[in-house]
Amino acid sequence: MMKNAFPFTRGIMAVMICFMVASTSCEKEQTNPEAGFSSGVYIVNEGGFMKNNGSVTYYDRDSLIIYENLFAQVNGRGLGDVVQSFSIAGNMGLIMVNNSQKVEVIDLESFSALATITGVDYPRYALAIDDRKVYLTDGNYQGNIVVIDLSSMLITNQIPVGYGPENLVRSGDLVFVANSGGWAYDNTISVVDPENDAVVGIIRVGDHPVDLVLDANLDIWALCKGRVEYDVNWNIIGETDSKIYRIRSDNWEVTDSFTIGTRGDFFNPIRLTASKDGSTILYIEADGIYKFDYRATKPPADVFIPGRYYGLDVDPVDG
């Protein structure tokens, strides 16, 4: 199963979360690939909470070699506690480590550490605005977009958005941010102008939007996982439907909504992606991965890939 990191950079790389490969190629001598570590697949391994054992694995497409725990092997130290995501900005990679409250910046070719950015509370996902400017979602209650300058490796600004900002995408001149609610509640997408680092609009969708992708028209699709309510003993006492929304990028109009998970199934899908050309939308449900055409008027009835999955993405090299 393939996943994103990013986001953020879905058109540049593929990221897989909790991905396992059974292959004798894993036993080959792990010498550095000739092209460095800048053109393969990055696998984000969260690790155990409070265990300080999160990692990034690199899969080289040409040699079929898997490089485990690459950051620690190259830099001689562990990556941290709960590796959330990985993103690309120019010739650098950003590794968000949320429970360690930091972002590790690495050189993509060598995977050597360039800087550790602190001063963040709950880093989630990053999006490169250009080769030097990065937006980072941060916060599990009231959230911010943290603006990072990769020239100085410093935080230069913070843009208040909604609660628990998660994934973000850019369409045209604007950035769209899914406000998941974090440990509270939200049902909005913040629209940010990166020219002046300001919120210029709010789009209201379903409960707890967590992931965003663009389709072939550069319109935005938002996955809203739904809301679960608990009693004082953490028993589930209420739930709302999980939905996917289609939003026009030019006027921010919500044109369609699709119910993909119903109350009572107690499953909250959190991953959404699109095919290489944006013509197919894919998402995870309780029984597997589903797909449907971006022009569809109703969600698919049949599962595309059966099973239980935690992450997915589409390889931008081969589709």
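Reader: At 2% relative accessibility, does phenylalanine 258 count as buried or exposed?

Author: Buried means under 20% relative accessible area. In this predicted model, phenylalanine 258 has 2% relative accessibility, so it counts as buried. Phenylalanine 292, at 6% relative accessibility, counts as buried because that value is also under the cut-off.

Reader: Which aromatic residues sit in the cluster with Phe37 and Tyr42?

Author: Tyr58, Tyr67, Phe86 and Phe111 join Phe37 and Tyr42 in one aromatic cluster. The count of aromatic pairs in the model comes to 15. One of them is phenylalanine 86 with phenylalanine 111: the ring centres are 6.2 Å apart and the planes stand at 10°, so this pair is stacked. Phenylalanine 86 belongs to strand E5, while phenylalanine 111 is in the loop between E7 and E8, 25 residues apart. Both phenylalanine 86 and phenylalanine 111 are buried.

Reader: What angle lies between the planes of phenylalanine 258 and phenylalanine 292, and how is the pair classed?

Author: The planes are 55° apart and the centres 5.4 Å apart, and the pair is tilted. Phenylalanine 258 is in strand E22 (residues 254-261) and phenylalanine 292 in strand E25 (residues 288-293), so the pair ties together parts that are 34 residues apart in sequence.

Reader: How should I read a nonpolar core, and which residues of the largest one touch the most other members?

Author: The general idea is that in soluble globular proteins, nonpolar side chains tend to be buried together. Here the largest nonpolar core has 18 residues, and Tyr42, Val56, Phe86, Ile95 and Phe111 touch the most other members. At least two residues each come from strand E2 (41-45), strand E3 (55-59), helix H1 (70-75), strand E5 (83-89) and strand E6 (92-97). E5 gives the largest share of this core, three residues. There is also a second, separate core of 16 residues, with Leu94, Met96, Val134 and Leu150 among them.

Reader: Why is strand E7 described as largely enclosed?

Author: Strand E7 covers residues 102-107, and five of its six residues are buried, so the rest of the structure largely encloses it. Its pairing can be followed on both partners. With E6, E7 pairs in the antiparallel sense over six bridges, and leucine 94 has valine 105 in E7 as its bridge partner. With strand E8 (residues 113-117), E7 is antiparallel and joined by four bridges; valine 103 stands opposite isoleucine 117 in E8.

Reader: Which residues take a positive phi in the hairpins of E7?

Author: In the hairpin of E6 and E7, with four residues between the strands, glutamine 101 has a positive phi near 55°. In the hairpin of E7 and E8, with five residues between the strands, phenylalanine 111 has a positive phi near 65°.

Reader: How do I find empty space in a model, and how much of it lies in the largest pocket?

Author: Rolling a probe the size of a water molecule over the atoms shows where empty space is left. In this model the largest pocket holds about 1000 Å³ of space. Its lining has 36 residues, and Tyr122, Ser180, Gly182, Trp183 and Lys225 are the closest to the centre.

Reader: Which strand gives the most to that lining, and what kinds of residue make it up?

Author: E19 gives the most, with three residues. Strand E9 (123-128), strand E13 (165-171), strand E17 (209-214) and strand E19 (228-230) each supply at least two. By type, the lining divides into 15 nonpolar, eleven polar and ten charged residues.

Methods. Residues are numbered from 1 along each chain as its sequence is written. This is a predicted model: local features need pLDDT of at least 70, side-chain atom pairs count only at pLDDT 80 or more; totals for chains, interfaces and linings use all residues. Side-chain values use heavy atoms; hydrogens and water are left out. On a 1 Å grid over the protein atoms alone, a cavity is a set of points where a 1.4 Å probe fits but cannot get out, and a pocket is an open set with protein on both sides within 12 Å along at least five of seven lines; lining residues have an atom within 4 Å of a point. Grid points are joined across faces, edges and corners, and a volume is the space filled by probe spheres set on the points. Ala, Val, Leu, Ile, Met, Phe, Trp, Tyr, Cys and Pro count as nonpolar, Asp, Glu, Lys and Arg as charged, and the others, Gly among them, as polar. A nonpolar core is a set of buried Ala, Val, Leu, Ile, Met, Phe, Trp, Tyr and Cys residues joined through side-chain atoms within 4.5 Å. Buried means under 20% relative accessible area, exposed over 50%, partly exposed in between (1.4 Å probe, protein chains only). Two strands pair if DSSP finds at least two bridges between them. Rings of Phe, Tyr and Trp (its six-membered ring) pair if their centres lie within 6.5 Å; planes under 30 degrees apart count as stacked, over 60 as edge-to-face and the rest as tilted.
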